[in-house]
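This briefing is meant to be read alongside the sequence and the coordinates. Please keep both in view while going through the points below.

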Amino acid sequence: AGFISGCADTRTAGIMVNFTRAVERGLPGLRQDVERAMAKNPGRRDFYEACLYTLKTVDLCLEDYAAKCRAAGRDDMADILCALRSAAPDSYRAAVQLVIILTILMRTCNYGRLDIALGDLMDADFRRGALDFEQAVRQTIGFYDLLDECNVIYDSRIVIGGRGRPHPEAADRFALVAMEAVRRCHRVVPV
């Protein structure tokens, strides 16, 4: 259904999750995409059922992680994770959580165009006053901390900048935040 592309080997090198699609559609939208594709391609039913099983696994992990957050007194994070089970992310923070969960489950090595995947929600948070530059940098550093725990120094590439992107102003704002977070982190990952 266009959610995952690449070739898998023993460490799933080459797999690129389409984080933009995942963030825009959320789990319910991805399920709809898979079900629609399965209806159009009945000969590939096993593949699409495996895709639905994968999305169910993501859903169960969100449920489990939310319960652990509640037990730790992090109701704010638990609420975000519960919401991700039934809707696309509605904030930068929620989108980052979805990207992290997918990264952990799929052992993603590289992240692609996160300026496109995350830029619109970060920009929307800026415009509605839910996030300022400093908060965005701190959240992005936290995101990088988690990426650092998930990967090795040879991977973890995030692509930002360039021409031809949708919503370039939002993507550029994300790029500025991402670069400032890298400047403050002083470590190899992400690159």
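The protein, shown here as a predicted model, has seven helices and two strands, and along the sequence these elements follow the pattern β-β-α-α-α-α-α-α-α. Of its 191 residues, 42% count as buried.

**Overall fold and surface**

- Among the contacts in the protein with a separation of 6 or more, 68% are accounted for by residues that lie 24 or more positions apart.
- The accessible surface of the protein comes to about 10100 Å², and 55% of that surface belongs to carbon and sulfur atoms.
- F133, L176 and M179 together make a nonpolar surface patch of about 300 Å², and one of these residues, L176, is found in helix α7, which covers residues 168-185.

**Helix α3 and its neighbours**

- Helix α3 runs over residues 75-84, and within this helix M77, A78, I80, L81 and L84 are buried.
- Seen down the axis of α3, the buried residues fall within an arc of 160 degrees, and therefore they line one face of the helix.
- Which helices do the buried residues of α3 pack against? These residues pack against α1 (19-40), α2 (45-71) and α4 (92-106).

**Cysteines**

- The structure holds zero disulfides, a disulfide being a covalent bond between the sulfur atoms of two cysteines.
- Why does C69 form no such bond with C82? The cysteine sulfur closest to that of C69 is the one in C82, and because the two are 9.1 Å apart, they are too far from each other for a bond; the cut-off applied to a pair of cysteine sulfur atoms is within 2.5 Å.
- C69 has a relative accessibility of 7% and so counts as buried, given that buried means under 20% relative accessible area.

**The loop between α6 and α7**

- P166 is found in the loop that lies between α6 (133-150) and α7.
- Is P166 buried or partly exposed? With a relative accessibility of 43%, P166 counts as partly exposed, because that class lies between the buried limit of under 20% and the exposed limit of over 50%.
- P166 and D115 are 51 residues apart in sequence, while in space the separation between them is 9.9 Å, taken from C-alpha to C-alpha.

Conventions: Residues are numbered from 1 along each chain as its sequence is written. This is a predicted model: local features need pLDDT of at least 70, side-chain atom pairs count only at pLDDT 80 or more; totals for chains, interfaces and linings use all residues. Side-chain values use heavy atoms; hydrogens and water are left out. Helices (H or I, at least four residues) and strands (E, at least two) are DSSP runs, numbered from the N terminus. Buried means under 20% relative accessible area, exposed over 50%, partly exposed in between (1.4 Å probe, protein chains only). Contact means heavy atoms within 4.5 Å. Accessible areas come from the Shrake-Rupley method with a 1.4 Å probe; for residues, only the protein chains shown count as cover. Patches are made of residues with over 30% relative accessible area and no salt bridge: like charges are joined within 9 Å, nonpolar side chains (Val, Leu, Ile, Met, Phe, Trp, Tyr) within 5 Å. A salt bridge is a side-chain nitrogen of Lys or Arg within 4 Å of a carboxyl oxygen of Asp or Glu. The arc is that of the directions from the helix axis to the C-beta atoms.
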